[in-house]
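Please open the model in your viewer and keep the sequence panel visible. The tour below proceeds by selection, one stop at a time.

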Amino acid sequence: MRRLSIVLALLLASATASALAPNDHVDNFRLFDHDGKSHELYYLSDAKAVVFMVQGNGCPIVRNALPRLKEIRDTFESQGVEFRMINANLQDNRASIAKEAEEFGIDIPILIDDTQLIGESLGLVRTGEVFVVDPRTWTVAYHGALDDRLTYENQKAEAKHHYLADALEQMVAGETVEVAHAESVGCLINFPETGKRAVAAHAQISYSETIAPMLQENCVTCHREGGIGPWAMTEYNMVRGFAPMIREVIRTKRMPPWHADPHHGTWANDRSLTAGQVQTLVHWVEAGAPRGDGPDPLAESTKVWPEWGMGEPDLIVEITPHSFPATGIVDYQYQRVANPLDHDVWVRAVEILPGDRSALHHVITMFGEEHPEAENPRRRFVTKGTLGGYVPGNSTEIFPEGTGTLLPAGSTFMFQMHYTTYGKAGTDKSRFGIYFHDEPPEHQLAGTVLMNTKIKIPANTKAHTESASQVLKRDVLLYSLLPHSHFRGTASDFIAIYPNGDEEILLSVPKYDFNWQTSYEFAEPKLLPAGTTLVHHTTYDNSAQNAANPDPSIEVTWGEQTFEEMLFGAVTWRYLDDNNDEPVNRLSRAGDD
Ligand code: HEC
């Protein structure tokens, strides 16, 4: 009996040992909320305090505490305190959380911890708990009940102790928080992976059979010798050394580089890990990244990366070499090269062979006509079409089945080249490979650009949204969407408003990253009937909190330089009925008038 109680006491101690305590460090994380918006903890570094309340659908304590939480929010928000809720419940999802928010008037973003990894590391125990993070140190300043008004099945008219309000008052005044912890009540959250047995199992996750193959499949295209990734996953020791960094980039959704909200659309080129893979990888790192038994697939890999992914191209174009410095920002380079062909060809695929994979961040290929006599410099090159591009890890572009692009004789290629420096100066000599159709394809690849050159982004603003739209004149089969903005772009979406008024979010990118110019390719082409309005939004962060912002103190308008901004949504499609007089491959403008 005595032994049993000792064991129980130990178990209890270990189960609560990981719970959040005052002064504990809080690692950074990024989560999407019930509205699909992205939130990063460390972005809030200019706040006086960050308050989280643990939310759970159906929990009476949370519902009952809400009005008071909102009162506190109304008092302290204007004093620089940020308020969020967080839901780590296994049984809740975005739709049910949105419904609860609607029903109970929750106007505070509810961050959804769908892998439970953040809740695990914060040591969340019950819904209704509050924790306050001090952004000066990223430590817990207060953890526990909001106040002492609520107990199970009981509530007082008035609280005696206002723990949260007192703590915030002290923090805003720059004082130390007097009561940093108070017991809290609420519904226990089920964390199946924090139990002793589960934690022991994490140490048994096989590097050889599980982790290395996962990395090979999802990371090594970039993280290899000569790849775009800053370090190569060549053996266990490399992965082990970078293990804490792997945990960080996964918790902040930086890697793998895929920025679409998984709730909208299914993508052929999806680079993301599944929730299960994310949990396995992070649990393995948190277990100390054990080597275990078995061979090392990363060290033993004999994979040879072919020079051209699809074999020798029909035409190889040498892009004008460009020298870049060791550090600093390189403005976009626009390289023009004459098309050497004296006859028209139908293009079925293209590939960019990067000269320096570490420096070359993206290429967008256009073709058009040169008009050197034109007075307006903008008119000296008239774009007639696009021929895909290059983003790290995705150098080939095979046009959708049965489609192609007509490349006219006498045209000029225009390559938009983006370089990022990496500590070593060099010269990039990239090449462009083109693969022809033997016969003209059934359909011409076409598309449009949703752009708005009238954008005006106010200075010192955290979120400013602009848009462009276009009404489709014909039925189209949509293939891909590419949102493009510069350093201040932080979120983008494409929405279809159908002729019957229904709206559908086709693509949402809650955390746009200028470094990754990803074209999102539909797994199944999407039919949009004539009369559909296609809308493209981009939200800009022109504040000092945006680490990429070159200057928050100026109003920003349209321009091709990276210190200027763009709202540019590139869309590829084909017309369902090709027999029309609609110009093909036209880079039409929308939202300009
Ligand atoms: C498409 C190419 C690509 C893929 C796929 C990719 N990475 Fe990366 N990774 C990069 C690049 C480029 C950087 C550096 C720039 C950045 O952070 O955006 C990077 C940075 C990192 C870093 C941070 C290094 C540092 O010190 O800042 C880690 C860790 C990392 N990647 C891990 C992974 C893991 C794990 C995967 C697979 C699950 C993965 N990456 C998939 C290209 C890639």
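Begin by selecting Arg-247, which counts as buried at 17% relative accessibility, because the limit for a buried residue is under 20%. Please bear in mind throughout that this is a predicted model.

**Stop 1: the partners of Arg-247**

Add Asp-27 to the selection. Arg-247 and Asp-27 form a salt bridge, their closest N and O atoms being 2.8 Å apart. Arg-247 belongs to helix H9, whereas Asp-27 sits in the loop between helix H1 (2-17) and E1, so the pair ties together parts that are 220 residues apart in sequence. Asp-27 is partly exposed, with a relative accessible area of 31%.

Next, select Glu-286. Its side chain meets that of Arg-247 in a salt bridge (2.8 Å, N to O). This pair links helix H9, which holds Arg-247, with helix H10, which holds Glu-286, 39 residues apart. Through shared partners, salt bridges join Asp-27, Arg-247 and Glu-286 into one network. Glu-286 is partly exposed, at 38% relative accessible area.

**Stop 2: helix H9**

Now display the whole of H9. Which residues of H9 are buried? They are Ala-243, Ile-246, Arg-247, Val-249, Ile-250 and Arg-251. These buried residues pack against strand E1 (30-33), helix H4 (117-122), H8 and H10. After H9 comes Lys-253, whose phi is positive, near 60°.

**Stop 3: the iron atom**

Select the ligand and find its iron atom. Which residues coordinate the iron atom of the ligand? His-223 (NE2) and Met-255 (SD) do so, at 2.0 to 2.3 Å. The six donor atoms around the iron atom subtend angles of 85 to 179°, which makes the arrangement octahedral. His-223 lies in the loop between helix H7 (207-218) and helix H8 (236-241), and Met-255 in the loop between helix H9 (243-251) and helix H10 (275-286), 32 residues apart. His-223 is buried, with a relative accessible area of 10%, while Met-255 is partly exposed, at 28%.

**Stop 4: domain 1 and domain 4**

Finally, colour domain 1 (18-182) and domain 4 (446-575), two of the domains in the assignment. Nine residues of domain 1 are in contact with seven residues of domain 4. The area buried between domain 1 and domain 4 is about 610 Å², and carbon and sulfur atoms give 46% of it. Arg-30, Tyr-43 and Asp-46 supply 66% of the area that domain 1 buries against domain 4. Across this interface there is one salt bridge. To end the tour, select Lys-462 and Asp-46, whose side chains meet in a salt bridge (2.9 Å, N to O).

Terms used:
Residues are numbered from 1 along each chain as its sequence is written. This is a predicted model: local features need pLDDT of at least 70, side-chain atom pairs count only at pLDDT 80 or more; totals for chains, interfaces and linings use all residues. Side-chain values use heavy atoms; hydrogens and water are left out. Donors are N, O and S atoms within 2.8 Å of the metal (3.2 Å for Na, K and Ca); water is not among the atoms, so sites may look incomplete. Four donors count as tetrahedral if all angles lie between 85 and 135 degrees; four count as square planar and six as octahedral if opposite donors are over 155 degrees apart and all others between 65 and 115; anything else is irregular. Helices (H or I, at least four residues) and strands (E, at least two) are DSSP runs, numbered from the N terminus. Buried means under 20% relative accessible area, exposed over 50%, partly exposed in between (1.4 Å probe, protein chains only). Domain bounds come from an automatic or database domain assignment. Contact means heavy atoms within 4.5 Å. Buried area is the accessible area (1.4 Å probe) that two parts lose on being put together, summed over both. A salt bridge is a side-chain nitrogen of Lys or Arg within 4 Å of a carboxyl oxygen of Asp or Glu.
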